[in-house]
Every structure is written in C-alpha cells, then in structure tokens.
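Student: Please take me slowly through one part of this protein, and show me how that part is joined to what surrounds it.

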Amino acid sequence: MLCSRIRTALSARLDGEEPPPGHTARGLDGHLAACADCRDWEARARRLAALTVGRASADGREPGASADALLARLRAVSALPGAGDGVGEQAG
C-alpha cells in the first residue's frame, strides 16, 4: 500500500471522517506499526490539528476561522503593487 494513500486515510480519520474505500482502522493501525515515516507524519498531523483547534478556541472563533483570516491577509498582501518583485524569482 502506498504511504500517500495511507496518509490520505489518516487525514480523514483525524478529521473524524470515514476512511476512503479499501481502508479500515485496523489496516491503518497495522501500517503505522510497520512504517516509521507514516507514524511520524501522523504525529505531526495530530500536533498541527491540536494547534489549529487550540488557536481557534483561544480566540473565540470557529475552527477554520484563523486559517480563513490568514488566507485573506495573504491574498491582500499579494495584491499590493510590487508584492511579487524578486520574491521567488530566479535571476536569469
């Protein structure tokens, strides 16, 4: 089984969703027992989820509101004149 598919299923599980077809909790747990990379990925995903929920709860907004606010700020900054000058561009 490809780790990318396992990680998609793990992400669904972390979000409280049903796993994609062909995946079971037992199968995911078995893969995690054998795959250090996926165990590490899941641990990082759990930490990120905990930080996101904690941040949203701390500021009184709904989960996802912080991410929406950040995306709006990034879009506003990228729309400013000269915002892309030299950033991420290669000299040529």
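Tutor: Let us look at helix α2, where Arg-26, Ala-33 and Ala-34 are exposed, exposed meaning over 50% relative accessible area, buried under 20%, and partly exposed in between, with a 1.4 Å probe and protein chains only. Before going on, note that this is a predicted model, in which local features need a pLDDT of at least 70 and side-chain atom pairs count only at pLDDT 80 or more, while totals for chains, interfaces and linings use all residues. Residues are numbered from 1 along each chain as its sequence is written, and side-chain values use heavy atoms, with hydrogens and water left out. Helices here are DSSP runs of H or I with at least four residues, numbered from the N terminus.

The exposed residues just named lie on the other side of α2 from Leu-28, His-31 and Leu-32, which are buried in this helix of residues 25-34. These buried residues are on the same side of α2 because they cover an arc of only 100° around the axis, the arc being that of the directions from the helix axis to the C-beta atoms. Behind this lies a general rule: an α-helix has 3.6 residues a turn, so residues three or four places apart point the same way.

Leu-28 and Leu-32 also belong to the largest nonpolar core, together with Ile-6, Ala-9, Leu-10, Cys-35 and Cys-38, seven residues in all. A nonpolar core is a set of buried Ala, Val, Leu, Ile, Met, Phe, Trp, Tyr and Cys residues joined through side-chain atoms within 4.5 Å. Two or more residues of this core come from each of α1 (3-14) and α2, and α1 gives the largest share, three residues. Leu-10, leaving aside its neighbours within four places in sequence, is in contact (heavy atoms within 4.5 Å) with Leu-28, Leu-32, Cys-38, Trp-41 and Glu-42.

Charged side chains make a further link. Asp-29 forms a salt bridge with Arg-13, with the closest N and O atoms 3.1 Å apart; the term asks for a side-chain nitrogen of Lys or Arg within 4 Å of a carboxyl oxygen of Asp or Glu. Since Asp-29 lies in helix α2 and Arg-13 in helix α1, the pair ties together parts that are 16 residues apart in sequence. Asp-29 counts as partly exposed at 41% relative accessibility, and Arg-13 counts as partly exposed at 28%.

Arg-13 forms another salt bridge, with Glu-42, where the closest N and O atoms are 3.6 Å apart. That pair links distant parts of the chain, for Arg-13 is in helix α1 and Glu-42 in helix α3 (residues 36-58), 29 residues apart. Glu-42 is buried, with a relative accessible area of 11%, and it forms a salt bridge with Arg-46 as well, at 3.2 Å between the closest N and O atoms. Arg-13, Asp-29, Glu-42 and Arg-46 are thus linked in a network of salt bridges.

As for confidence, pLDDT is the predictor's confidence in each residue, from 0 to 100, and among the elements of the protein α2 has the highest mean value, 96.
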